[in-house]
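Here is a short note to help you find your way around. Have the picture open beside you as you read, and take the points in order.

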Amino acid sequence: MATTCEFVEADNAEAIITRIEHKSRKIESLLKQSKPVEALKTALEGSPPNTRDERCKSANWIVVHRALMAIKDVDGMFSSLDPEYYDILMKYLYRGLSTGDRPTCDQCLRIHEKLTERAGLGCILRSLADTINTV
């Protein structure tokens, strides 16, 4: 029986990876059209993947990271990013900070500062306290 459950989870993971690949193509298209905020919204939609499979989480992080790094006007981003995205964005900012990669950390800190100003400390607390929906 355990083998069947693992197989179902593996099938689910493959379906999630396929959706992430589709999302990645859409994001690249948006970035080529100079629409980085739309790309970020697309990256954050359906995130985090509803799985414990680290391949899915890593694949989704790559997509979110690509969109995050394309943001040049952080203030402008917040003028068109809906508050519903704030908590999940905060989770991905912490994931980015955990990489230790200098350009990624610099970008995540710039966005974190503005996000905290806009969303408040509750956004940070919700992101850190939510141990179920990990990114």
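1. Which residues does Leu30 touch, not counting residues up to four places away in sequence? They are Lys35, Glu38, Ala39 and Thr42. Before you look them up, please keep in mind that this is a predicted model. Leu30 itself is found in helix H1, and with a relative accessibility of 12% it counts as buried. One of its contacts, Thr42, is 12 residues away in sequence, and the two C-alpha atoms are 9.2 Å apart in space.

2. Now look at the loop between H1 and H2, where you will find Ser34. Ser34 is not a glycine, yet it has a positive phi of about 60°. As background, most residues other than glycine have a negative phi. Ser34 counts as exposed, because its relative accessibility is 61% and the cut-off for exposed is over 50%.

3. Next comes helix H2, which covers residues 36-44. Seven of its nine residues are buried, so the helix is largely enclosed by the rest of the structure. The buried ones are Val37, Ala39, Leu40, Lys41, Thr42, Ala43 and Leu44. Two of these names, Ala39 and Thr42, should be familiar as contacts of Leu30.

4. Carry on past the end of H2. Just after this helix, Gly46 takes a positive phi of about 70°. A little further on, the peptide bond from Ser47 to Pro48 is cis, with omega near -5°. Pro48 has its place in the loop between H2 and H3. For comparison, most peptide bonds are trans.

5. Pro48 also helps to line the largest pocket, together with Pro49, Asn50, Thr51, Arg52, Lys57, Thr131, Ile132, Asn133 and Thr134. The volume of this pocket is about 170 Å³. By type, its lining residues divide into three nonpolar, five polar and two charged.

6. Where does the largest nonpolar core get its residues? It has 38 of them, and Leu68, Met77, Phe78 and Leu89 touch the most other members. Helices H1 (2-32), H2, H3 (54-70), H4 (74-80), H5 (86-98), H6 (102-119) and H7 (121-129) each supply at least two residues. H3 gives the most, with eight.

7. Leu68 is a good residue to click on if you want to explore that core. Leaving aside residues up to four places away in sequence, Leu68 touches Leu40, Trp61, Leu89, Leu93, Gln107, Cys108 and Ile111. Among them, Leu40 is one of the buried residues of H2, and Leu89 is listed with Leu68 among the core residues that touch the most other members.

8. Finally, the cysteines. How many disulfides does a search of the whole structure find? The search finds zero. Cys108 is in no disulfide, and the nearest cysteine sulfur, that of Cys105, is 6.6 Å away; a disulfide would need the two sulfur atoms within 2.5 Å. Cys108 counts as buried, because its relative accessibility is 1%. Cys123 is buried too, with a relative accessible area of 0%. The sulfur of Cys123 has its closest cysteine sulfur in Cys108, 13 Å away, which is too far for a bond.

Conventions:
Residues are numbered from 1 along each chain as its sequence is written. This is a predicted model: local features need pLDDT of at least 70, side-chain atom pairs count only at pLDDT 80 or more; totals for chains, interfaces and linings use all residues. Side-chain values use heavy atoms; hydrogens and water are left out. Buried means under 20% relative accessible area, exposed over 50%, partly exposed in between (1.4 Å probe, protein chains only). Helices (H or I, at least four residues) and strands (E, at least two) are DSSP runs, numbered from the N terminus. A nonpolar core is a set of buried Ala, Val, Leu, Ile, Met, Phe, Trp, Tyr and Cys residues joined through side-chain atoms within 4.5 Å. Contact means heavy atoms within 4.5 Å. On a 1 Å grid over the protein atoms alone, a cavity is a set of points where a 1.4 Å probe fits but cannot get out, and a pocket is an open set with protein on both sides within 12 Å along at least five of seven lines; lining residues have an atom within 4 Å of a point. Grid points are joined across faces, edges and corners, and a volume is the space filled by probe spheres set on the points. Ala, Val, Leu, Ile, Met, Phe, Trp, Tyr, Cys and Pro count as nonpolar, Asp, Glu, Lys and Arg as charged, and the others, Gly among them, as polar.
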